[in-house]
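Reader: Please take one part of this structure and go through it closely. I would like to know how the helices pack there, and then how that part sits beside the sheets and the other chain.

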There are 2 protein chains.
Amino acid sequence: MRTIFLPQSQDWPGLIGRPSMERKELSDRVGEILESVKSGKDKALLLYAEEFDGVSLNDLRVTSNEIAEAVKMVPEELKQAIKTASGNIDKFHSSQLLPEKEVHTFPGVNCWRKSIPVEKVGLYIPGGSAPLFSTVLMLAIPARIAGCTEIILCTPPAKNGKINPVILFAAYISGVTAIFKAGGAQAIAAMAYGTESIPAVYKIFGPGNQYVTMAKELVQQEGIAIDMPAGPSEVLVISDGTADPSFIAADLLSQAEHGPDSQVVYLTDNKDIIPKVMEETKSQLALLPRRDIASKALENSMIILLSSLEDCIGFSNLYAPEHLIINTANPDILAAKVVNAGSVFLGPWSCESAGDYASGTNHTLPTSGYARNYSGVSADSFFKKITFQRLEKDGLKNIGPVIETMAEAELLTGHKNAVSLRLKKLKND
Amino acid sequence: MRTIFLPQSQDWPGLIGRPSMERKELSDRVGEILESVKSGKDKALLLYAEEFDGVSLNDLRVTSNEIAEAVKMVPEELKQAIKTASGNIDKFHSSQLLPEKEVHTFPGVNCWRKSIPVEKVGLYIPGGSAPLFSTVLMLAIPARIAGCTEIILCTPPAKNGKINPVILFAAYISGVTAIFKAGGAQAIAAMAYGTESIPAVYKIFGPGNQYVTMAKELVQQEGIAIDMPAGPSEVLVISDGTADPSFIAADLLSQAEHGPDSQVVYLTDNKDIIPKVMEETKSQLALLPRRDIASKALENSMIILLSSLEDCIGFSNLYAPEHLIINTANPDILAAKVVNAGSVFLGPWSCESAGDYASGTNHTLPTSGYARNYSGVSADSFFKKITFQRLEKDGLKNIGPVIETMAEAELLTGHKNAVSLRLKKLKND
């Protein structure tokens, strides 16, 4: 880890950069995959499954037998843990459904909004070394709470043609309506365009590698909404001298083990704690099964000494971290000053993994500085809000002249006429 | 207008298409403009102002003198109308700020969300034949309500180097913090990358021609958020036989006059009203100053007879119109069935122009079927929501084992360690 002592604030922007993707070549390659699924549909997906997943599939859709089998295979303790986490996620996301009131904006003019679920949503869950069943919960539970009618899930099959049973169990209890064996950019294409087996959806959610991310960006340009742009996962930890160095090291490592491109930043106003955190990081790292990955991530990571906690939160707001841990004697003071972050963890006992799994907050969060302009996934992500208005006769009489004056000034006579004609009719009544 | 009688529901998808953009060439041309502003900054903008707006500017920023002058030039009646409309927009959008409560998801585990304004936003207002000052209100008022600290506005100058005074007045009273003379894709580039004069922003809003729309899509891929993808404006009117045909005609025409590519659709279950609406449309069209534009739009437009009002709302949900006018004897019955629409107008007195200007709802809405997966602009558009969580000692004791079990099953030992280490410390306490 790079250690930086008291950088001047004019040098901060140089420290907040994230690795950028080589876009052009990737975009061409992914564009080809999208085209091929668009035209070849199921047949193209089956070919890609052979090519990329090394498996010859007969059917893309997971059967109810396969799900029932999977449910039996998951150990009881894990089932209970998943159910407890689901309960918390459900509770927090359900609290986000707030009824809005009709507003009388002007005498005789009433306006209101209604939240209507996006009818068809698609969730992508990556394959790879770790079965990310927690992400199934984080996407499917708010979709179910919102009331989406079609919640489909795509995830790549293993070489034996199966999906990890815990993923199937999580999907089963979260309200996913259909599960398909498809991975990578080709799965995104399938959910965007539809195939014989996989229905087209209106919005696509979920993490993935750079192919998946690029595919989501490309289909977004064709009218499919996506949860948010994505980059490597990251954490920023702020502590003063009161924090336990072993906690800080563990939090940094829990992020570093995600992938070699994970971003890990530690800010403190206390010089003395830095060597202790480094020592702890070193010794805990040695015991981690994923230490090779974590070591690579730590190579790009930074420990920065700043002159005050005030400066720490200032730097953090500039960096806009996905996860922000504030492990100080009085975290509320800094929490009130957070402007850009995905999810914030307060105090010594709120480790990031609590939010990753079970506190109830969502773990699908803006990375790469997108916390400046995007929110994490919430129940809101599965709704669109439609406005309604009703003008009574008197309402149009009252507000009509205002509309006429404005429409005329915008040179839109047709807009004015729609009012004038009605006002005339009302006068003659 | 094309008239279609009782199409079978399997033929509906063929009727809901919108014109599509020729993307590749446009994307290349706009990409060049973005690059040139990224490197040339103000100098590039001044050159483009000469090339596209036919004006040689000394300064891009509108001075306070220019604003003061403009405020004097706007007629008092128009000022009052704008203020009344602003009041309604303010009232409706302020009602969207709902406080959320802290949620105790599990004993000792507390989660909450906080809405924080996007710090820097950019609004784009097109030039052209009509001065769209109403759009200034629709974007700047919710930005001010949200509390964005920097609200900048770009709009192309006229040949005399000035901005339309009503646009300046609207910006002035709505809380815009700086106004710049820049139009087209180059203005979007300036707000995305920043120049010597124009600060970079995190989110860009506003309508525009296909160059502006493409520029927004391209900068979105570089991490700038945008309000939504855009296409030509559109209205869908549903009526039964009780509606006044002259109202329907006026509503169709008020949309048709927007541009030659505007989409206008009229659905009814009453055969007899169709010739009356056509007759009215013809006679009102003849009197419209923008009749050439409106005629072109009507050429692509449709009147469809369906067998029931139920079918009308079914078709509308498939079409997903930007504006939906329900002018029937009992509009509430259909309103309850709206699934996909931008903004809905109920009853005979709720013409679209009411929402365009003054009812209080926002007129920046999803077009081209994007109402299936996007909401219109609201106060929400100027916020991002940050989640917070605090686990007390007991909270971690209670939920810790759940996290450990799940992290272990995802093979993320580092995630588990961050909990185990803390639980161990608590046991030793």
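**Helix packing and its surroundings**

Author: In this predicted model, helix α4 (residues 133–146) of chain B packs with helix α5 (residues 165–174) of chain B at an angle of about 15°, the two axes lying 9 Å apart. That angle makes α4(B) roughly parallel to α5(B), because angles under 35 degrees count as such. The crossing of α4(B) and α5(B) is right-handed. On the α4(B) side the contact consists of B:F133, B:V136, B:L137, B:A140, B:I141 and B:R144. These residues meet B:V166, B:I167, B:A170, B:A171, B:I173 and B:S174 of α5(B). Sorted by class, the contact of α4(B) with α5(B) has 10 nonpolar residues, one polar and one charged.

A helix pair in chain A can be described in the same terms. The axes of helix α3 (residues 76–94) of chain A and helix α5 (residues 165–174) of chain A come within 11 Å and cross at roughly 40°. The angle makes α3(A) oblique to α5(A). α3(A) passes α5(A) in a right-handed crossing. From α3(A), the contact takes A:L78, A:K79, A:I82, A:K83 and A:S86, and from α5(A) it takes A:V166, A:F169 and A:I173. By class, five residues in the contact of α3(A) with α5(A) are nonpolar, one is polar and two are charged.

Next come the sheets. One open sheet in chain A has five strands in the order β6-β5-β4-β7-β8, with parallel pairing. β6 (178–181) and β8 (225–226) of chain A stand at its edges with a single partner strand each, so one side of each is left without a neighbour in the sheet. Within this sheet, strand β4 (residues 120–124) of chain A pairs with strand β7 (residues 203–205) of chain A in the parallel sense, over three bridges. A:L123 has A:F205 as its bridge partner in β7(A). Helix α6 (residues 184–193) of chain A packs on this sheet and touches β4, β5 (150–155) and β7 of chain A. The direction of α6(A) makes about 175° with that of β4(A).

Another open sheet draws strands from both chains. Its nine strands follow the order β2(A)-β3(A)-β14(A)-β13(B)-β12(B)-β9(B)-β10(B)-β11(B)-β1(B), with mixed pairing. At the edges stand β2 (103–106) of chain A and β1 (2–5) of chain B, each with a single partner strand, so one side of each is left without a neighbour in the sheet. Neighbouring strands of the nine-stranded sheet are turned by 20° against each other on average, direction ignored.

At the chain A end, β2(A) and strand β3 (residues 109–117) of chain A run antiparallel and are joined by three bridges. A:V103 has A:C111 as its bridge partner in β3(A). Helix α14 (residues 393–409) of chain A packs on the sheet, where α14(A) touches β2, β3 and β14 (383–391) of chain A. The direction of α14(A) makes about 90° with that of β14(A). β2(A) and β3(A) form a hairpin with two residues between them, and A:G108 in the turn has a positive phi of about 85°.

That leaves the relation between the chains. A turn of 180° and a shift of 0.0 Å along the axis lay chain A on chain B with an RMSD of 0.0 Å. This is the relation of a two-fold axis. The C-alpha of chain A nearest the axis belongs to A:L98, 3.9 Å from it. The same surface serves both copies, since 100% of the contact residues of chain A recur in chain B.

Key: Residues numbered from 1 in each chain as written. Chains lettered and ligands numbered in written order. Predicted model: local features only at pLDDT ≥ 70, side-chain atom pairs only at ≥ 80, totals over all residues. Heavy atoms only, no water. Pairing = 2+ DSSP bridges. Helix = DSSP H or I, 4+ residues; strand = E, 2+ residues; numbered from the N terminus. Axes fitted to C-alpha atoms, helices over the stretch in contact; angles between N-to-C directions. Contact = heavy atoms within 4.5 Å. Parallel < 35°, antiparallel > 145°, perpendicular 65-115°, else oblique. Left-handed = near helix turned anticlockwise from the far one by under 90°. Nonpolar A, V, L, I, M, F, W, Y, C, P; charged D, E, K, R; others polar. Least-squares fit on C-alpha atoms with pLDDT ≥ 70 in both.
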